[in-house]
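Let's take a walk through this structure together, starting from one pair of cysteines and working outward. Have the sequence and the 3D view open side by side as you read.

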Amino acid sequence: SCAACPEHCRGQTCDATGKCANGCVVGYIGEKCDGKCPAGCATTCSSEGKCTSGCEDDTKWGPNCEKDCPAHTVGGCNQ
């Protein structure tokens with residue numbers, strides 16, 4: 001019997017082992033797209049879980065958008 005494709009596979013396509021064939025939907029990572037990008041990422045992250053599309057909150061920065069920008073920063077910071 002066929003294994004169900006993991007929920008967050010792009011296009012709901014996977015190989016016989018249940019690994020996503022076309023990558024993951026936005027916001028998910030891993031062979032089976034069972035990992036979530038850090039909460040602060042605007043949309044996408046790398047397979048290592050680093051934000052690749054900037055931070056959702058423009059007062060944050062860092063690979064996981066976990067660091068605060070200096071006080072009174074306007075329009076985000078990119079340290």
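**From one cysteine outward**

At 18% relative accessibility, Cys 77 counts as buried, because the cut-off for that label is under 20%. Keep in mind that you are looking at a predicted model. The partner of Cys 77 is Cys 69: the two form a disulfide, with sulfur atoms 2.0 Å apart. The torsion about their S-S bond is -90 degrees, and the link is left-handed. Cys 69 is buried as well, at 12% relative accessibility.

How many disulfides does a search of the whole structure find? The search turns up seven, and two more of them deserve a visit.

Go next to Cys 55 and Cys 65, which form a disulfide with their sulfur atoms 2.0 Å apart. This link is left-handed too, with -90 degrees about the S-S bond. Cys 55 sits in the loop between S2 and S3, while Cys 65 sits in the loop between S3 and strand S4 (67-68), so the pair ties together parts that are 10 residues apart in sequence. Are these two cysteines buried or exposed? Cys 55 is partly exposed, with a relative accessible area of 24%, whereas Cys 65 counts as buried at 7%.

The other stop is the disulfide of Cys 41 and Cys 51, whose sulfur atoms are 1.9 Å apart. Its S-S torsion is about -85 degrees, so this disulfide is left-handed. Cys 41 and Cys 51 both lie in the loop between S2 and S3, so their bond ties together parts that are 10 residues apart in sequence. Both cysteines are buried.

Right beside Cys 41 in the sequence numbering comes Gly 40, found in the loop between strand S2 (35-36) and strand S3 (60-61). Gly 40 has 19% relative accessibility and therefore counts as buried. What does Gly 40 contact, leaving aside its neighbours within four places in sequence? The list is Cys 51, Gly 54, Cys 55, Glu 56, Asp 57 and Cys 65. Gly 40 and Pro 63 are 23 residues apart in sequence, and their C-alpha atoms are 9.6 Å apart in space.

Some of these cysteines return in the largest nonpolar core, which has six residues: Ile 29, Cys 37, Cys 41, Cys 45, Cys 51 and Cys 65. In soluble globular proteins, nonpolar side chains tend to be buried together. Ile 29 is a good place to look around: not counting residues up to four places away in sequence, Ile 29 touches Cys 24, Asp 34, Gly 35, Cys 37, Cys 45, Ser 46, Ser 47 and Gly 49.

Now zoom out to the whole chain. The protein chain has zero helices and four strands, and its elements run β-β-β-β from the N terminus on. Along its principal axes, the C-alpha trace spans about 60 × 15 × 15 Å. The radius of gyration is 16 Å, where a compact globule of 79 residues would have one near 12 Å. Of the 79 residues, 27% count as buried. Among contacts with a separation of 6 or more, 5% are accounted for by residues 24 or more positions apart. The accessible surface comes to about 5,200 Å², and 51% of it belongs to carbon and sulfur atoms.

Note on methods:
Residues numbered from 1 in each chain as written. Predicted model: local features only at pLDDT ≥ 70, side-chain atom pairs only at ≥ 80, totals over all residues. Heavy atoms only, no water. Helix = DSSP H or I, 4+ residues; strand = E, 2+ residues; numbered from the N terminus. Buried < 20%, exposed > 50% of the residue type's maximum accessible area, 1.4 Å probe, protein only. Contact = heavy atoms within 4.5 Å. Core = buried A, V, L, I, M, F, W, Y, C linked by side-chain atoms within 4.5 Å. Disulfide = S-S within 2.5 Å. Rg over C-alpha atoms; globule rule 2.2 N^0.38 Å. Areas by Shrake-Rupley, 256 points an atom, 1.4 Å probe, with all protein chains shown as cover.
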